[in-house]
Amino acid sequence: MKTARVLVAADKFKGSLTAVQVAERVTAGLRRVVPGVQVETLPVADGGDGTVAAAVAAGFERREARVTGPLGDPVTAAYAVRETTAVVEMAEASGLQHLPAGVFAPLTATTYGSGELLLAALEAGARTIVFGVGGSATTDGGAGMLAALGARFLDADGKPVGPGGGGLADLAAADLSGLDPRLGEVDLILASDVDNPLTGPTGAPEVYGRQKGATEDDVAVLDAALAHYASVLGPEQAQLPGAGAAGGIGYGALVGLGARFRPGIEVMLDVLGFAPALARATLVVTGEGSLDAQTLHGKAPAGVAAAARAAGIEVVAVCGRLALTPEALGGAGIRRAYALTELEPDPAVCMAEAGPLLERVAESIARDFLR
């Protein structure tokens, strides 16, 4: 009989546990029931917040840069480097976590700092940049990012337009000739878990604007401003998958930086070395905070389960909350899911006590699958 070897490849439980902490808690619970079990941990991410942390956990070097935050104030942002590959997470520079509680700036929040973070990766000698986008506070179509990299966006008087998506309504001319020439020598991979276009009913302002504080009027203003922006830079790319990611920064990367879009979890599994780890495993534990309909559309657990199923390796999932039927789980390649709410029905308590509860869940997995 083959010795059991568990691969823990789970994303964060947002608001409760990082992906690294999830792996630690699952490992502790498994070993409480089967002390000698071999466990390999590979925290994963799908391009959104937590992507740099997952890369560092996989052996990348963590670096920091002082950049412009979404409101224009300086913030410290991390990125990750291994040899000539860099992992850059736009949320580190332009994410919602940089907004004070209850403060939003839907029309003026800028991605300028994300461009500065890409510059830092270029300065570090990166030849391949995985640009993970998600969790943004911004809806500026990546204009701020491009400006930081040397582009100019001017109004009818030849002056720079204001920051954020709102300022793009005044755009009269765009000059991309000043973009850093090193960008032409880099393989820039746009890694995202969403494939929305830039504008329209499924575009960035309509689908994601409200969670960044946009009113109904703001959504309409942003949609019109981004449509105008795309008419100046290139309307064809505005409909490409991923153009609407992270407030349209995907569009800026596609049209201005020559990026190529790939589902974030696929990219990250490659970068993190998932395939060789999977080859050593007899059981995979994946998961995230909420297993729901969104999980099935490019989130980390679905990507992990698809790869494991293709390799013929059984997968179970852990989560805070489960909103998928057994049939939907099976269709995604997940044999069974274990939710913290099965042990503690109060969501607030679940979040506060996620670590100990997750260890108890892992004990159940060990009893069900390792004995």
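Colleague: What is the relative accessibility of Arg367?

Modeller: This is a predicted model, in which local features need pLDDT of at least 70, side-chain atom pairs count only at pLDDT 80 or more, and totals for chains, interfaces and linings use all residues. Residues are numbered from 1 along each chain as its sequence is written, and side-chain values use heavy atoms, with hydrogens and water left out. Buried means under 20% relative accessible area, exposed over 50%, partly exposed in between (1.4 Å probe, protein chains only). Arg367 counts as partly exposed, because its relative accessibility is 40%.

Colleague: Which side chain meets that of Arg367 in a salt bridge at 3.9 Å, N to O?

Modeller: A salt bridge is a side-chain nitrogen of Lys or Arg within 4 Å of a carboxyl oxygen of Asp or Glu. The partner lies four residues away, about one turn of helix α15 (residues 354-369). The partner is buried, at 15% relative accessibility. The side chain that meets Arg367 is that of Glu363.

Colleague: How many salt bridges does the whole structure have?

Modeller: Some are joined up: Arg25, Arg32, Glu359, Glu363 and Arg367 are linked in a network. A search of the whole structure gives a count of 22.

Colleague: How far apart in sequence are the parts tied together by Glu40 and Arg5?

Modeller: The closest N and O atoms of this salt bridge are 3.6 Å apart. Strands (E, at least two residues) and helices (H or I, at least four) are DSSP runs, numbered from the N terminus. Glu40 is buried at 17%, whereas Arg5 is partly exposed at 23%. Glu40 lies in strand β2 and Arg5 in strand β1 (residues 5-8), so the parts tied together are apart in sequence by 35 residues.

Colleague: Which residue forms a salt bridge with Glu185?

Modeller: Glu185 lies in the loop between β8 (173-175) and β9, and its partner in the loop between α4 and β6, so the pair ties together parts 58 residues apart in sequence. The partner is partly exposed, with a relative accessible area of 45%. The N to O distance is 3.7 Å, and the partner is Arg127.

Colleague: What is the nearest side chain of opposite charge to Asp46?

Modeller: Asp46 sits in the loop between β2 (38-41) and α2 (51-57). Its side chain reaches the backbone nitrogen of Gly48 at 3.3 Å. Lys and Arg count as positive, Asp and Glu as negative; His and the chain ends are not counted. Asp46 is buried yet has no salt bridge, and 4.2 Å away is the nearest side chain of opposite charge, Lys299.

Colleague: Which strands are the edge strands of the six-stranded sheet?

Modeller: The sheet is open and mixed, in the order β3-β4-β5-β6-β9-β10. Two strands pair if DSSP finds at least two bridges between them. Each edge strand pairs on one side only; they are β3 (61-68) and β10 (260-263).

Colleague: Which residue in β9 stands opposite Ile129?

Modeller: Strands β6 (residues 128-132) and β9 (residues 187-192) pair in the parallel sense. Five bridges join this pair. Opposite Ile129 stands Leu188.

Colleague: What value is phi of Ala246 near?

Modeller: Ala246 is in helix α9 (residues 245-257). Ala246 counts as buried, because its relative accessibility is 10%. Its phi is positive, in a residue other than glycine, and near 50 degrees.

Colleague: And what value is phi of Glu83 near?

Modeller: Glu83 is in the loop between β4 (74-82) and β5 (85-89). Glu83 is exposed, with a relative accessible area of 74%. Its phi is also positive, near 55 degrees.

Notes:
A polar contact is a pair of N or O atoms within 3.5 Å; within protein, one must be able to donate a hydrogen and the other to accept it, and residues adjacent in sequence count only if both atoms are side-chain atoms.
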